[in-house]
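User: I've got a protein model open and I'd like to work through it with you. Can we take it step by step?

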Amino acid sequence: MLFYGYHSGYQRRGVFSREYVFNNLGRFGVNFNGDGINLVSKRYLVFQRSVFCVNCGIEGLYFAKERSAKRIAIQIKGTGKHRYEFRLMNGSHWHLNLYALRRRDNGTYKEVLMTKDHIIPKSKNGEDTLSNLQTMCSTCNENKGNKVAIDLRGIRTFGQSLDRPLVYEMLQGSLDLNEIRGTVLQSCVC
Ligand SMILES: [Zn+2]
């Protein structure tokens with residue numbers, strides 16, 4: 001589990017429970033280990049309504065504080081040669097991404113980014129309103145593309161949510177992932 005470092009093009013600095021995020025929705029400058037984040041985007045409201053992917057049922061378990069890790073090349077002056085160093089691009093702001101865990105065949109887990117999906121795609125004039133948005137994992141979202149409008153809200157129901165404090169303890173590294181593997185598997189309909 002990655003708490004700090006670089007992940008899928010993002011720089012990561014810590015993970016946070018869903019409760020902390022959902023309890024502070026609508027507020028500006030909420031403190032996440034020293035960084036103020038505005039919890040006012042529609043994405044958070046969509047996740048608050050459901051943390052489950054409407055298609056496969058995988059459950060968003062925790063938020064990670066991340067920002068784009070795009071790097072730019074800067075020429076090093078004074079060397080007389082064309083030498084460059086790479087620096088993190090400025091202006092990429094910290095935000096929170098919701099992640100699920102999908103079990104691989106070898107028993108380890110892969111993080112899956114949760115996204116807000118437009119039921120009627122934007123390319124087909126679907127609106128950017130809450131009534132046209134649903135939670136979907138990035139895997140299902142990529143498979144869906146722009147082709148089909150599926151709205152499964154309220155039609156499919158999934159298993160009980162994981163014991164939340166347990167998940168958070170796991171994320172803090174105080175529990176061995178193996179200990180709760182059974183619990184995670186019950187929850188992931190992958
Ligand atoms: Zn999915």
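Analyst: Sure, and let's begin with a definition: two strands pair if DSSP finds at least two bridges between them. Keep in mind that this is a predicted model.

User: Which residue in S10 does Asp 117 stand opposite?

Analyst: Start with the strands: S9 covers residues 109–118 and S10 covers 133–137. They pair in the antiparallel sense, over five bridges. Opposite Asp 117, in S10, you'll find Gln 134.

User: How many of the residues of S10 are buried?

Analyst: A residue needs 20 or more other C-beta atoms within 10 Å of its own to be buried. Leu 133, Thr 135 and Cys 137 point one way from S10, while Gln 134 and Met 136 point the other way, and all are buried. In a regular strand, side chains alternate between the two faces of the sheet. For S10, the buried count is five of five.

User: Which strand gives the most residues to the largest nonpolar core?

Analyst: That core has 27 residues, and those with the most contacts inside it include Cys 53, Phe 63 and Met 114. Helix H2 (42–49) and strands S5 (62–68), S8 (95–103), S9 and S10 each supply at least two of its residues. Nonpolar side chains tend to be buried together in soluble globular proteins. With five residues, the top contributor is S8.

User: Which residues is Met 114 in contact with, leaving aside its neighbours within four places in sequence?

Analyst: Met 114 is among the residues with the most contacts inside the core. Skip its sequence neighbours, and its contacts are Phe 47, Cys 53, Gly 60, Leu 98, Tyr 99, Ala 100, Thr 135 and Cys 137.

User: Is Asn 33 buried or exposed?

Analyst: Asn 33 sits in the loop between S3 (30–32) and S4 (35–37). Its phi is near 50°, a positive value in a residue other than glycine. The cut-off for exposed is 12 or fewer C-beta neighbours. Because Asn 33 has 9 of them inside 10 Å, it counts as exposed.

User: What is the phi of Asn 125 near?

Analyst: Look in the loop between S9 and S10 for this one. Asn 125 has 7 C-beta neighbours inside 10 Å, so it counts as exposed. Its phi is positive, although the residue isn't glycine, and the value is near 65°.

User: How far apart in space are Val 40 and Leu 25, C-alpha to C-alpha?

Analyst: Val 40 is in the loop between S4 and H2. It has 13 other C-beta atoms within 10 Å, so it's partly exposed. Beyond four places in sequence, Val 40 is in contact with Gly 26 and Phe 28. Val 40 and Leu 25 are 15 residues apart in sequence, but their C-alpha distance is 6.5 Å.

User: Where in the chain is confidence lowest?

Analyst: The chain averages a pLDDT of 76, and 67% of its residues score at least 70. Over residues 151–165 the pLDDT is below 50, though that stretch still has 21 contacts in the model beyond near neighbours in sequence. Residues 174–190 stay under 50 too, with 28 contacts beyond four places in sequence. Confidence is highest in S3, at 95, and lowest, at a mean of 36, in helix H5.

User: What percentage of the residues in the chain are buried?

Analyst: The secondary structure comes to five helices and 10 strands. Of the contacts with a separation of 6 or more, 59% link residues 24 or more positions apart. Out of 190 residues, the buried share is 26%.

Definitions and conventions
Residues are numbered from 1 along each chain as its sequence is written. This is a predicted model: local features need pLDDT of at least 70, side-chain atom pairs count only at pLDDT 80 or more; totals for chains, interfaces and linings use all residues. Helices (H or I, at least four residues) and strands (E, at least two) are DSSP runs, numbered from the N terminus. Two residues are in contact if their C-beta atoms, placed from the backbone, lie within 7 Å. pLDDT is the predictor's confidence in each residue, from 0 to 100. A nonpolar core is a set of buried Ala, Val, Leu, Ile, Met, Phe, Trp, Tyr and Cys residues joined through C-beta atoms within 7 Å.
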